[in-house]
Amino acid sequence: MTHTQVLLKIARMKMKYALAACLVLLLGTAFAQQQDDEDQLAKLTFVVVKDANGKPIRNAAVVLHPVGRHGKQERGGIELKADANGKASYDGVPYGKLRVQVLNPGFQTFGDDYTVDKPEMEIVIKLKRPVDQYSIYTDKTNDVKGDPATETKKDETKPTKDKPQ
């Protein structure tokens, strides 16, 4: 091996080590940033109101579920109850994706995903009343088609004095 070949081989090895060191440094920085995001906690306040008039809904159940990296709901979660003003709050929610479900009798169930990225967040949730469902098996008066109990009977001819049989 010539002197030039030895120098080229040493240069290549130094380049490989430098690239490996840069890669390790970048991965370590990314991991540290991810850990910082997970270590940060937020205070969330939920305000549950009626969609029609904006009045608060008391005792609504606000359910919080963590969401994983691929949008899949993770195990665990917490349920909060709204107070008389329709408010529920929780301090100590980690930054990241959060699935929120709100349930209350007489209203449609609400569900949506939120990104927690601020130290304090207020989320207003408007619940709607259930709507009538449409069916091809009912007519406009909500009578079931073909049901003998709801169909009107045709006039039956009864014998009368005026008509002979």
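**Exercises on two sheets and a charged contact**

In this predicted model, three strands form an open sheet in the order β4-β1-β7, with mixed pairing. Residues are numbered from 1 along each chain as its sequence is written; local features need pLDDT of at least 70, side-chain atom pairs count only at pLDDT 80 or more, and side-chain values use heavy atoms, without hydrogens or water.

**Exercise 1.** State which strands are the edge strands of the sheet β4-β1-β7, and describe how β1 joins β4.

*Solution.* Strands are DSSP runs of E with at least two residues, numbered from the N terminus, and two strands pair if DSSP finds at least two bridges between them.
- Step 1: β4 (87-94) and β7 (120-127) each pair on one side only, which makes them the edge strands.
- Step 2: β1 (residues 41-50) runs antiparallel to β4, and 7 bridges join them.
- Step 3: T45 stands opposite S89 in β4.

**Exercise 2.** Give the strand order of the open sheet of 4 strands, and describe how β5 pairs with β6.

*Solution.*
- Step 1: The order is β3-β2-β5-β6, with antiparallel pairing.
- Step 2: The edges are β3 (78-81) and β6 (110-116), each pairing on one side only.
- Step 3: β5 (residues 96-103) pairs with β6 over 7 bridges in the antiparallel sense, and Q101 stands opposite G111 in β6.

**Exercise 3.** Determine which residue lies over the face of F107.

*Solution.*
- Step 1: A charge sits over a ring if NZ of Lys or CZ of Arg is within 6 Å of the ring centre and within 35 degrees of the ring normal.
- Step 2: R129 lies over the face of F107, at 4.2 Å from the ring centre.
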